[in-house]
Amino acid sequence: MPDIAPFPDRILNWFDQHGRKDLPWQHPITPYRVWISEIMLQQTQVQTVIPYYEKFMQRFPDLHSLANAPTDDVLKHWSGLGYYARARNLHKAAQQIRDEHGGEFPDTLEQVTALSGIGRSTASAILSIAFKQAHPILDGNVKRVLARFHTVEGWYGHTAVQKQLWALAEQHVPEQVEPQRYADYTQAMMDLGATLCSRSKPRCTECPLQDDCMAHQTETVSKYPTPKPKRTLPERQAIMLLMHQDQSIYLERRPPSGIWGGLWSFPQFEDADSARNWLEKQGLDRSELETGTPLPEYKHTFSHYRLMIQAIMINPQKPDTSSVMETDGSIWYNINDEFDGGLATPVQDLLKTFKEKTL
């Protein structure tokens, strides 16, 4: 086993010289700003997050502005970041803090993990960075550092491996330091994994842990962490109808849960018969599906399957679109106006293609 005693000291010394200290959510550091950044950074890289974060904070500068906002507005400012359950949970958690904690962000691990969408690692990051408390974190970057330093075998999606990594993370938290150093250590561990101990092409010769890193010493860095077992992603087919009249296009709100929950989309169907039946229910001819203009097939990959979308532009033969009425869950959107709701990336891309063809 490596000598782990100086581990936190080396991490902190490295951070003082090389750590990231100018990220948008670090100036100023508040529980709200740290929370928003930590949720956005789940499964998303820093450089991708920064413009979304800045736009989000302009619209929702504090907890009450987020808690009191319409869901559509929250999803609109999340559009493009993906994993939209994060935005829905963020909105719900803001309302929980407003209603159950008097608008003040809670400061205990139990209270923070009770909020929607916040697990142990995210809660610990918030508490250590914003409240200067001693908590271990275990995000993807930290898992990679620990798996290599200790040559932890096994994919960390497995419970036993996850438990082992948590124990190691707890073991390395510095003891008897100034409160600010807990915040620095947490940020340092994330920075080290993101900048040096990266997934590919790690810069081991610059790492403060290289002398005791077991993977580096045994020249097995590329072996760790153990990759997720590979499997072939299944493919699913879908049809989306881009039904338009002049410069208006029909959109429907998706159910509040599930894929793209609460976002706006084109009518989507699993097969052609379902699409024809829907057209008929709207008072339109079933043959519109065949006479419409197909767009190139659009491929969108989720974590557990790949969706192949056949989008079809349909300009109903009836001159009046009143047969397809607006409801609380559907609208005719004028493409020249700014849209006030959330749109998933495929819908944004298809809408862009539609505009290019019609404007």
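User: Where does Thr151 sit in this chain?

Analyst: Thr151 is in the loop that links helix H9 (140-149) with helix H10 (159-172). Keep in mind that this is a predicted model.

User: How do you know whether Thr151 is buried or exposed?

Analyst: Set its value against the cut-off. Buried means under 20% relative accessible area, and Thr151 has 18%, so Thr151 counts as buried.

User: What makes the phi of Thr151 worth pointing out?

Analyst: The phi of Thr151 is near 45°, which is positive, and Thr151 isn't a glycine. Most residues other than glycine have a negative phi. Tyr83 has a positive phi too, near 45°. You'll find Tyr83 in the loop between helix H5 (71-76) and helix H6 (85-100).

User: Why does Tyr83 get the label it gets for accessibility?

Analyst: Tyr83 has a relative accessibility of 44%. Buried needs under 20% and exposed needs over 50%, with partly exposed in between, so Tyr83 counts as partly exposed.

User: Which peptide bond leading into Pro28 do we have, cis or trans?

Analyst: The bond from His27 to Pro28 is cis, with omega near -5°. Pro28 belongs to the loop between H1 and helix H2 (31-40). Another cis bond runs from Tyr224 to Pro225, where omega is near -10°. Pro225 is in the loop between helix H12 (214-217) and strand E1 (235-245). As a rule, most peptide bonds are trans.

User: What are H1 and H11 called, roughly parallel or roughly perpendicular, and why?

Analyst: The axes of helix H1 (residues 7-18) and helix H11 (residues 179-195) cross at roughly 80°, coming within 9 Å. Angles of 65 to 115 degrees count as roughly perpendicular, so that's the name for H1 and H11. On the H1 side, the contact includes Phe7, Pro8 and Ile11, while H11 brings in residues including Arg181, Asp184 and Tyr185. The residues of this contact split into ten nonpolar, two polar and four charged.

User: How many disulfides turn up in the whole structure?

Analyst: Searching the whole structure gives zero disulfides. Take Cys197: its nearest cysteine sulfur belongs to Cys207, 6.3 Å away. A disulfide needs two cysteine sulfurs within 2.5 Å, so Cys197 is in no disulfide.

User: Why is the sulfur of Cys213 not bonded to the one in Cys204?

Analyst: The Cys204 sulfur is the closest cysteine sulfur to that of Cys213, but at 6.4 Å it is too far for a bond.

User: What makes Cys197 and Cys213 buried or exposed?

Analyst: The cut-off for buried is under 20%. Cys197 has a relative accessible area of 12% and Cys213 has 11%, so both count as buried.

User: Which residues touch the most other members of the largest nonpolar core?

Analyst: That core has 98 residues, and the ones touching the most other members are Trp35, Ile36, Phe56, Leu66 and Leu242. Setting aside neighbours within four places in sequence, Phe56 contacts Tyr32, Ile36, Met40, Leu66, Val74, His77, Trp78 and Leu90. Another core, of 13 residues, lies apart from the largest one; Phe269, Ala275, Ile312 and Ile314 are among its members.

User: How many helices and strands does the chain have?

Analyst: The chain has 15 helices and eight strands. Of its 359 residues, 50% count as buried.

Note on methods. Residues numbered from 1 in each chain as written. Predicted model: local features only at pLDDT ≥ 70, side-chain atom pairs only at ≥ 80, totals over all residues. Heavy atoms only, no water. Buried < 20%, exposed > 50% of the residue type's maximum accessible area, 1.4 Å probe, protein only. Core = buried A, V, L, I, M, F, W, Y, C linked by side-chain atoms within 4.5 Å. Contact = heavy atoms within 4.5 Å. Axes fitted to C-alpha atoms, helices over the stretch in contact; angles between N-to-C directions. Helix = DSSP H or I, 4+ residues; strand = E, 2+ residues; numbered from the N terminus. Parallel < 35°, antiparallel > 145°, perpendicular 65-115°, else oblique. Nonpolar A, V, L, I, M, F, W, Y, C, P; charged D, E, K, R; others polar.
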